[in-house]
Amino acid sequence: MSNIIKKYFDKIRPNFEEGGKLQSLHSVFEGMETFLLIPNSTASNGVSIHDSIDSKRIMSMVVIALIPALLFGMYNIGYQNYLAAGVEGSFIEMFAYGFLQLLPKIVVSYLVGLGIEFIFAQVKHEEIQEGYLVTGLMMPLILPINCPLWMMAIAIAFSVILVKELFGGTGMNIFNVALAARAFLFFSYPTKMSGDAVWIANNQIFGLGNTLPDTYTQATPLGVVGGGSDITTSLQDMVVGLIPGSVGETSVIAIAIGAVILLWTGIASWKTMLSVFVGGALTAWAFSVLDMTPITWYEHLFLGGFCFGAVFMATDPVTSARTETGKYIYGFLIGFFAILIRVLNPGYPEGMMLAILLMNIFAALIDYFVVDHNISMRAKRTIKK
Amino acid sequence: MPMAKEIKLRKGLDIRLKGVANPVKKKPTTQKVFAVVPDDFYGIKPKVTVHEGDKVLVGDALFVSKQNEELKVVSPVSGVIERINRGERRKVLSIEIVSDGKQEAKDFGKKSVQDMDAASVKAFLLETGMFAFMKMRPYDVTAVPTDEPKAIFVSAFSKMPLSADFSFVVKGQETCFLKGLEALSKIAKVYLGISPEQKGLFDSVSKDVEVTIFDGPNPSGNVGVQINHLSPVNKGEVVWTIGAEEVIFIGRVVLTGKVDLTRTIAVAGSEVKEPVYVDTPIGIAVKDLLAGNLKKQDHVRIINGNPLVGSKTNIDGYLGAKVTEVCVIPEGDDIDEVLGWIRPRFNQFSVNRSYFSWLQGKKSYDLDARIKGGQRHIIMSGEYDRVFPMDIFAGYLIKAILVGDIDRMEQLGIYEVAPEDFAVAEFVDSSKLELQRIVREGLDMLRKEMS
């Protein structure tokens, strides 16, 4: 098997080398080759042996961790549609409907994002970086299902170019790429990103699902709370995730499975993740003691994008704090600001996205103080002598 | 001896490889051509003092340092200078000596250490060529004889994979080792770092030597780690370090008056038929050292040193002056793995639990030299710190070096580190950066700036 692939690549390689017919696609060629075959280049200096971990493996693990939320999201798209229409549907029908709704978004997300990555890799003569594999799958999961494809495509282009590649690519970006794209949409097309008309898929696909009237509205539980009404959602629905919301954010259980994968493989920091929950819980608890929010502290954690943000976004190693002490502070403040924005800001019922983006800015500052402490201890050591 | 202080270290990583040397000492069957490589004495600009065709004894100078002609490197064998190999801009690559097999040595006269002071010990080490084995922090280069070090550090163990076990190497040579330590203690305070298994092994050490037990995974045997915990190097301070086996060299010349650069080299690795220890003077040709002991000739990597801090060599190379083992592992350049990044890869080692090393306990691995991934920007955080048992932010120091910010390198503690301290971090790095090279360049940058 490996021989056949290797021979094939060796055969077509000349086309992609300097002067070849397809030279302009050499980054794509290399990308495909390293995707299929582990490069057998060996170390020339430094250590002669290497750990088998690499960034492809890490990014694949995050993708795997996202799959429960993705699958549940597909089912929930169907479930919400059938529920809204008052039509009985089988599990298969609901899931297939959700699958067909979401598939174009995943395809477009990868086409646009990876396309841009390929172009940049080509221009910079670098290998294609894997970071977008994660961003590309996250993108459809953090948007309302009714967000148009073209909008998502524009937001991804904006984010990958301006937020990531201009800063130097994966590893150098200050803001979480997927969240920056979401923020772009949130401020550019607010009517397609929040409110009460965007959360339930409302058209038929291949005879599946139900067409809902244009006037049909259904707010998310947080939207209901933000509007000043009491929510009727059961705790069980919140945890299982059978509520309206962005595609991947609703199921606490599905996200928890992802969290276990990320923590077990050590890809997400438990310090960051735990601190987000602690920060959010304490803040929400304080507000509910002060009677400023009608829902309990744990409902705050279960609803909206809190869990998804805490597990998949806050722990992004590139944009979060990098020092171990810094991770506690960084995570805690994300939880704090997310609830603060939810409760005190009358305009937005949700605060997770803004809290994480805000802390992305401050991550470097937090680290600065942690590292500076080490520096001043070292400086004092000299003086003490 | 008072109870030795024990320091526990949590950070680090022990990597178990197949082919650890069995505790058996052998001698090479043939040994003819030897070579001394000036680059092994990093920091010395060599001025060759012999000519092709000259006869030399063991202990005769081969080259001296241009900066300080008292600092010299001597011949490990007696015989005739065969060739002086030069590279670009007449850089001396190696000095080849054909051994006459007699090992006749120049007599420097026995010394009685208790009657000597710092200056006379230093002078004796310079005269006999032993001083060239001394290294210094900062910069991790050959020590400068005119410096006044605040301490001298010796580590009696290494936790690097496949490394020679000094407890075995020192057997039968304890007197020389202790005498060498005693001589060094005349120059500055000597710290000896030992592993928990070595408790009691050096109980009769001179009272001027402070023994500390370091209990922790690799790289707890690195002098750099030990310095960081006992007497960290501040700006303006100098600490000297020397390999434990080189302390034996010093002991021998003190006790006998004759130089004897014979080491007990561990020949190890999964591509070695019979992993054993070999007694040989430094500089032996690799083909003599490995004669008949290789499983195969192609697609193997021969390493001067261990797989983490050693340097790549080949069958035509020579044993490095400061290495304690020679390892042979598969090169891996003939292996093509399909979709390796997502397969379980049960036979590969990783600290990451997306692989299954964590399930396999103390299994030994047969790792090859593939990098197994593309180079990336630093993506993950805290990877280096988990295997870096020093009070230093390794990732931040690396970044400071990459951008060439000298002030920041100083602030972050570059004076305390050597490339070898980053070896385990380089192994686990998912971004596959060449950390040891980066640190070496940082140290060179700083040294140039300060001189």
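So, how many helices and how many strands does chain B have? Chain B comes out with 10 helices and 21 strands. Before I go on, keep in mind that what you're looking at is a predicted model.

Let me stay with chain B as a whole for a moment. Its radius of gyration is 21 Å, and the globule rule gives 22 Å for 451 residues, so chain B is as compact as a globular protein of that length. If you lay it along its principal axes, the C-alpha atoms fill a box of roughly 65 × 50 × 45 Å. Of its 451 residues, 54% count as buried. And take the contacts in chain B with a separation of 6 or more: 70% of them come from residues 24 or more positions apart.

Okay, domains. The assignment cuts chain B into three pieces: domain 1 is 1–30 plus 102–333, domain 2 is 31–99, and domain 3 is 371–450. Where do domain 1 and domain 3 of chain B sit relative to each other? Their centres, over C-alpha atoms, are 24 Å apart. They do touch, with 24 residues from domain 1 of chain B and 21 residues from domain 3 of chain B in the contact. On the domain 1 side, helix α4 of chain B, residues 223–230, gives the most, with four residues. That side of domain 1 divides into 13 nonpolar, seven polar and four charged residues.

Now a sheet in chain B that I'd like you to find on the screen. There are four strands, the sheet is open, and the order is β3-β9-β8-β5, with antiparallel pairing. At the edges you have β3 (33–36) and β5 (55–56) of chain B, each pairing on one side only. Zoom in on β5(B): it pairs antiparallel with β8 of chain B, residues 79–86, over two bridges. Which residue in β8(B) is the bridge partner of B:K55? That's B:V80.

On to the inside. In general, nonpolar side chains in soluble globular proteins tend to be buried together. Here, the largest nonpolar core has 137 residues, and B:V154, B:L192, B:V267 and B:L397 have the most contacts inside it. Helix α5 of chain B, residues 244–256, gives the most to this core, with seven residues. Take B:L397 as an example: leaving aside neighbours within four places in sequence, B:L397 is in contact with B:I392, B:M409, B:L412, B:G413 and B:I414. There's also a second, separate core, of 104 residues, and A:M94, A:V134, A:A321 and B:I379 are among its members.

That last one brings us to how the chains meet. The contact takes 61 residues from chain B and 50 residues from chain A. Which elements give two or more residues to the chain B side? In chain B, those are the strands β18 (300–304) and β21 (337–338), plus the helices α7 (394–402), α9 (423–428) and α10 (435–450). Of these, α9(B) gives the most, with four residues. By type, the chain B side divides into 26 nonpolar, 19 polar and 16 charged residues.

One more thing to look at before I stop: strand pairing across the chains. Strand β1 of chain A, residues 37–38, is joined to β21(B) by two bridges, and the two run antiparallel. If you want a pair to click on, A:L37 stands opposite B:V338 in β21(B).

How values were computed. Residues are numbered from 1 along each chain as its sequence is written. Chains are lettered from A and ligands numbered from 1 in the order in which they are written. This is a predicted model: local features need pLDDT of at least 70, side-chain atom pairs count only at pLDDT 80 or more; totals for chains, interfaces and linings use all residues. Two strands pair if DSSP finds at least two bridges between them. Domain bounds come from an automatic or database domain assignment. Two residues are in contact if their C-beta atoms, placed from the backbone, lie within 7 Å. Ala, Val, Leu, Ile, Met, Phe, Trp, Tyr, Cys and Pro count as nonpolar, Asp, Glu, Lys and Arg as charged, and the others, Gly among them, as polar. A nonpolar core is a set of buried Ala, Val, Leu, Ile, Met, Phe, Trp, Tyr and Cys residues joined through C-beta atoms within 7 Å. A residue is buried if 20 or more other C-beta atoms lie within 10 Å of its own, exposed if 12 or fewer, and partly exposed in between; C-beta atoms are placed from the backbone. The radius of gyration is taken over C-alpha atoms; the globule rule is 2.2 Å times the number of residues to the power 0.38.
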